[in-house]
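Please examine the sequence and the three-dimensional structure shown here. The report below is intended to be read alongside them.

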Amino acid sequence: MTLPKKDAVEVFAAGEKGRGLRTTKEMQTGEVVFAEASFAAVVFDSLSMQVCHSCFRRQANPHRCAQCKFAYYCDRTCQRAAWEEHKQECAAIRQQGTAPNENVRLAARAIWRMQRHTGKVSDNQLTTLDLLQDHISDMSPEDLKELKGDVQKFLEYWPRDSKQIGADYISHIFGVINCNGFTLSDQRGLQAVGVGLFPNLCLVNHDCWPNCTVILNHGNQAALDKALHSQRSSIKMMHHVKFKSSRTLNDNGLTLLKWSPQPPDPSPIKHLWIELRALGKIPEGEELTVSYVDFLNVSKDRQRLLKRQYYFDCKCEHCSKGIKDDLMMAVKDKDGKKPSAELVKEVTDFSLQALAKIEEARTKGNFHEVVKICHECLEKQEPVLADTHLYLLRVLRIASEVFSYMQMFQEAAESSRRMVEGYAKLYHPNNAQLGMATMRAGVTHWHAGLIEVGHELICKAYGILLITHGPHHPITKDLETIRRQTEMELRLFKQNEDVYHSMREAVLSSKPVGGGKVH
């Protein structure tokens with residue numbers, strides 16, 4: 001049997017995992033294995049008025065479609081670029097009087113596109129949605145009930161003058177979306193804003209310690225071609241991290257500490273693109289893998305999550321051998337003495353209760369209460385849990401974000417430093433989550449006036465994101481701007497610490513800087 005190929009990759013029979021993708025040549029660290037345009041994609045219902053339905057960039061004042069009054073765009077350029085995909089959707093929304101939920105909209109867009117292109121939109125597409133697994137037979141009664149409801153909503157939404165679709169086929173498409181939908185982020189990668197289908201990416205199997213990562217590229221096609229070295233074929237899942245201190249970065253009026261994000265590319269693309277990027281050197285013939293879930297869970301919890309969401313039993317090496325589980329549940333070991341099992345249970349139970357209370361307080365916007373609970377929990381954890389314990393790291397992550405939001409930068413810096421040190425012992429060295437966390441920690445130290453540590457962390461983050469995101473991604477470009485700024489400030493700091501701190505204080509308090517020159 002001849003298996004489909006896409007220059008750098010080919011489909012192969014991956015045993016009990018079904019089909020998979022493997023390389024046909026050696027891949028270098030950070031190299032784009034392949035890029036793929038979205039087959040169909042939609043904005044989340046909750047953000048439909050804030051995000052462009054063409055390029056998925058967030059917009060303060062988007063342009064609304066005058067016909068359906070549901071879709072929003074950056075401008076008329078984006079609207080024209082999206083018209084082929086939106087035309088039938090627009091008519092269906094007008095006919096029904098309201099837009100259905102995102103699952104129904106995505107299923108409809110996918111089916112309309114398959115009808116236009118008979119399932120494949122290009123020779124580079126290695127599979128069709130028809131051939132992907134839907135796992136309907138594995139669904140729970142609750143999931144089946146929800147699927148049945150979506151099918152009914154789809155039938156109500158589907159235009160009467162369009163080719164009619166059977167309920168079984170619609171169910172299959174919903175099953176494919178459930179197992180293979182890829183979360184899309186905004187242009188900075190900081191918030192999930194939609195969901196899309198990428199058929200080739202669906203062929204990449206899971207591993208908890210993968211050799212690739214997936215990133216969404218919002219750049220225009222010219223920039224993308226440059227990023228791919230003019231090789232069109234040569235592309236957790238995406239991790240979304242909320243950057244809580246961004247409000248402070250943009251609103252505090254600093255000049256010494258200010259950074260200017262790269263402006264959005266003015267040339268929208270017709271379809272979003274993902275890139276599968278190599279996290280390290282990949283030998284020819286090796287299977288390509290990505291992680292469907294965050295690694296920072298013990299193996300049995302990752303296996304449970306994968307079984308519930310993706311309907312398979314993970315048998316990767318890290319799950320089979322429980323690699324790093326001991327670190328994730330480790331306790332303090334002082335001079336060979338460990339805390340008693342009773343004390344460990346007391347602290348872990350307290351931590352779980354505290355995390356629930358923290359989430360409740362965050363939901364209510366009661367950040368002073370969050371700070372109070374974090375302080376209490378960290379004080380309780382400190383003498384018992386090791387620096388890699390998951391519960392400690394979860395509290396440190398929340399604490400660093402909320403402390404930054406509250407402009408408690410010294411405490412935020414300390415929490416973020418401890419968090420990143422723990423992450424570095426657990427994550428793959430080129431993990432995107434580690435890169436983003438290190439970036440946040442670096443910026444937090446910068447804001448706290450700890451320029452030496454801040455610049456060091458920002459440089460580390462930049463090195464990771466060059467691999468996971470590439471040099472042309474907006475986040476990497478922004479981080480490069482920050483890196484240059486902190487490098488300049490570090491030179492000033494080393495020349496004259498007193499002048500540096502006086503300038504910093506003057507900027508923070510918006511006062512004129514006193515006399516004195518730095519040579």
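This report treats one helix, one buried acidic residue, two residues with positive phi and several aromatic pairs in a predicted model.

**Helix H14**

Helix H14 comprises 16 residues, from 432 to 447. At 1.5 Å a residue, a span of 22 Å is expected, and the end C-alpha atoms are 23 Å apart, which agrees. Is this helix enclosed or open to the outside? Because 16 of the 16 residues of H14 are buried, the helix is largely enclosed by the rest of the structure. At the start of H14, the backbone nitrogen of Gln433 has a side-chain oxygen of Asn431 within 2.6 Å. After H14 comes Gly449, which has a positive phi, near 85°.

**Asp134**

Asp134 belongs to the loop that lies between helix H2 (102-117) and helix H3 (141-157). Although Asp134 is buried, it has no salt bridge. The nearest side chain of opposite charge is that of Arg19, 12 Å away, whereas a salt bridge requires the nitrogen and the carboxyl oxygen to be within 4 Å. Which side chain, then, makes a polar contact with that of Asp134? The partner is His172, at 2.8 Å. Leaving aside residues up to four places away in sequence, Asp134 touches Met139, His172, Gly175, Val176 and Cys179.

**Positive phi outside glycine**

Lys69 has a positive phi although it is not a glycine, and the same description applies to Tyr311. Lys69 is located in the loop between strand S6 (63-64) and strand S7 (72-73). Tyr311 is located in the loop between helix H7 (299-310) and helix H8 (317-320). The table gives their values.

| Residue | Phi | Relative accessibility |
|---|---|---|
| Lys69 | about 60° | 47%, partly exposed |
| Tyr311 | about 65° | 11%, buried |

**Aromatic pairs**

A search of the whole structure finds eleven aromatic pairs. In one of them, the rings of Phe154 and Trp158 have centres 5.2 Å apart and planes at 20°, so the pair is stacked. Phe154 and Trp158 are both buried. The pair of Phe367 and Tyr405 is tilted, with 4.8 Å from centre to centre and 50° between the planes. Phe367 lies in helix H11 (residues 367-381) and Tyr405 in helix H12 (residues 390-405), so this pair ties together parts that are 38 residues apart in sequence. Tyr405 counts as partly exposed, at 28% relative accessibility. Finally, ring pairs join Trp112, Phe154, Tyr157, Trp158 and Phe174 into a cluster.

Definitions and conventions
Residues are numbered from 1 along each chain as its sequence is written. This is a predicted model: local features need pLDDT of at least 70, side-chain atom pairs count only at pLDDT 80 or more; totals for chains, interfaces and linings use all residues. Side-chain values use heavy atoms; hydrogens and water are left out. Helices (H or I, at least four residues) and strands (E, at least two) are DSSP runs, numbered from the N terminus. The expected span of a helix is 1.5 Å times one less than its number of residues. Buried means under 20% relative accessible area, exposed over 50%, partly exposed in between (1.4 Å probe, protein chains only). A polar contact is a pair of N or O atoms within 3.5 Å; within protein, one must be able to donate a hydrogen and the other to accept it, and residues adjacent in sequence count only if both atoms are side-chain atoms. Lys and Arg count as positive and Asp and Glu as negative; His and the chain ends are not counted. Contact means heavy atoms within 4.5 Å. Rings of Phe, Tyr and Trp (its six-membered ring) pair if their centres lie within 6.5 Å; planes under 30 degrees apart count as stacked, over 60 as edge-to-face and the rest as tilted.
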